[in-house]
Amino acid sequence: MTTHITGTREEWLAARLELLAAEKQLTRRSDELARRRQELPWVRVDKEYRFETDEGGASLADLFRGRSQLLVYHYMFGPDYTAGCATCSTIADGFDGFVVHLANHDVTLSAVSRAPLAKLQAYKRRMGWRFPWASSLGNDFNFDFNVSFTEEEQRKGGIEYNYERGGHAMDETQIPEPVAQNAAMTGTDVATYTRERPGMSAFVLEDGVVYHTYSTYARGLDGLWGMYQWLDRAPMGRNETGVWWLRHDEYGER
Amino acid sequence: MTKTDLNNHKVVSLSEWLEARKQFLTQEKEFTRLRDQLSRQRRELPWVKVEKNYVFKEPDRKTTLAELFEGRSQLVVYHFMFAPDEEGPCRSCSFWADSFNAIAIHLNHRDVTMVAISRAPSEKLEAFKRRMGWNFKWVSSGNNDFNYDYHVSFTPEALKDQVEYNYAKQQTDSTDLPGVSVFYKDGNGNIYHTYSVYARGIDILNTAYNYLDLVPNGRDEDELEFSMAWVRYHDQYESKSGNTRREAR
C-alpha cells in the first residue's frame, strides 16, 4: 500500500484548485519574463566568425538560413571528446523533434560545437538527428559567448560562466560525481570535459547585421530540457541523486 | 505577447548589455526557484484511488489502465485530441507530440511510462503515428469513460450546457480538449490519480514554446486568428526546410 496521503475526489480537488492558482501565477510570471527578455538591449556582432557546416564554410549570418532569428544551442562537444556530451544529447533529443516547427516560425535552431565537423556529422548520424550542427573549431565564437575556456583560464580559476566567476559545479576543485560521470561518457578527462559548457544564445539578423540578443546557461537551460518538465509532474518528481540518463541508444546496454 | 519592433531596438555596448542581462538573470533565477517550489507542492497533492476499470484498445489487443504502466510505477497520459469521426488529430497536439516523442525513452529510466490516449479508433491512431514517425504508445479510449472522467471529452448532451474543463465551467463546442493526467500504481496494484493539468497549464510541456520565449520576436502569435494558427503537422509545412517570416504570411 502507498504511504502517500489519499483522499476523495473532492479533497483532491480542493488541494488541486489551490495549486492551480499558484500554477496560473507562474504561467503569468513566465509570460512577463518573456516580455522583459524581449526588451533587453542588443549588441552588434562585428567579429567575423567562420564555421564549418554540412553545406561548407559559413558565416554567422549564414547560420540563420534565410530567417531573421537564430537560436544557437552550445552543444558540449570539444575537439578531444570521443562522443558528444550525453546530457546535451537528452536536450537535443527534445529539440530535434520541433526544429521544423521553429523553422516555420522564422527561427533557425542550430547546434554549434568546437569538435571538427566530421565528428559532429558522425555523432549526429548515430543519434538520428536532423537539426543543423556547425563546427566552430578554430574560431572565437565559443570563447566569446562563454561556453569554451582555455587551459590557462582553467588553471588560474578565471572561468566566467553563467555571468559569474567560478560559481559552477564544473569549477569546483573537488570534482562532483556527476561531472566525472559526464566526462567519462564523452571519453575524456574532467579538465578537458569542463573546458566546454552548455548554453543557449539568441541572435537576430537585420539588414545584413547580426545582433546578439540573449544567452542563458546552467539552470537557465532547465526549461529547455523537455524531460525535466515532464518529470516535474510525475509523483516522484526528478527523483535523482546524480546522472541517471544515458544516450538514447545506450539504455539497452545497462 | 507583444511583438518587439525589430527595426528600432535599442543597441548597446557589451558592458551595458551585461549589466541589463545580470539584472534580468536575478529575476530568471527567482522564477526557476518558484518553479521548483511548485513542483514540490505538486508532489504533496493527495491522491485519489481509481476504482473504475478502464479498458483501452491497441490495434491487436485490449489493454487495461494497469497494463499501460508497463511494469513501472508512474504513468503520464497525454490527452491527445482526436475524435472518432475526424480524419486526423489536432494539429496543436501533434506539435506537442513532436516535442515529447523522443524523450519518452529517458522518462522510462526514471520509472515513468508515457502514453497518449485519444477517442479515435486504434487503427487511425496507428496510421497517423506511422505517418509522423512517432514511437510513443498511443491507445484508444473508444467508448469508455476515461476521457469524460478526466474532463477532456464532452458528450453532445453536455456541450449544450457549460462543461467542466480546467477546473471551471466553460462554454465550448469542442468534443475534445487537451490535457495531461498522471497516475501512480503501488506494489499491490492499486492505481491512484495524482494530477491533471489543462489549457495553458500544458504550455510548459511543449518545450518549443520555452525556446520561442528566448528569441527576439517571442511566440509572435498576437496577429494570428488564434495562437497556434501557424502550426501544421510537421510534414505539411510548405517548405520542409521552413519559411521565413515574410514567406509565411
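This tour of a predicted model goes from the largest nonpolar core to a pocket and then to a cavity.

**Stop 1: the core.** Select A:Tyr75, A:Phe95, A:Trp230 and B:Tyr211; of the 110 residues in the largest nonpolar core, these touch the most other members. Then colour helix α1 of chain A, residues 9–39, which gives this core its largest share, six residues. In soluble globular proteins, nonpolar side chains tend to be buried together.

Next, centre on A:Phe95. Leaving aside residues up to four places away in sequence, A:Phe95 touches A:Tyr73, A:Leu109 and A:Phe131, as well as B:Tyr211 from the other chain letter.

**Stop 2: the second largest pocket.** Select A:Asp96, A:Gly97, A:Val99, A:Gly128 and A:Arg130, which lie nearest the centre of this pocket among its 38 lining residues. The space here comes to about 860 Å³. To show more of the lining, add these elements, each of which supplies at least two residues:

- chain A: α2 (86–96), α3 (99–103), β5 (107–113) and α4 (117–127)
- chain B: α4 (104–108) and β5 (112–118)

Coloured by class, the lining shows 15 nonpolar, eleven polar and twelve charged residues.

**Stop 3: the largest cavity.** The structure has three cavities of 30 Å³ or more, and the largest has a volume of about 60 Å³. To find the largest cavity, select A:His4 and A:Asp232, A:Arg233, A:Ala234 and A:Pro235, then add B:Arg42, B:Arg43, B:Trp47, B:Thr194 and B:Tyr195. In chain B, α1 (14–43) and β10 (191–198) each supply at least two residues of this lining. By class, the lining of the largest cavity has four nonpolar, two polar and four charged residues.

Methods
Residues numbered from 1 in each chain as written. Chains lettered and ligands numbered in written order. Predicted model: local features only at pLDDT ≥ 70, side-chain atom pairs only at ≥ 80, totals over all residues. Heavy atoms only, no water. 1 Å grid on protein atoms, 1.4 Å probe; cavity = no way out; pocket = protein on both sides within 12 Å on 5 of 7 lines; lining within 4 Å. Points joined across faces, edges and corners; volume = space filled by probe spheres on them. Helix = DSSP H or I, 4+ residues; strand = E, 2+ residues; numbered from the N terminus. Nonpolar A, V, L, I, M, F, W, Y, C, P; charged D, E, K, R; others polar. Core = buried A, V, L, I, M, F, W, Y, C linked by side-chain atoms within 4.5 Å. Buried < 20%, exposed > 50% of the residue type's maximum accessible area, 1.4 Å probe, protein only. Contact = heavy atoms within 4.5 Å.
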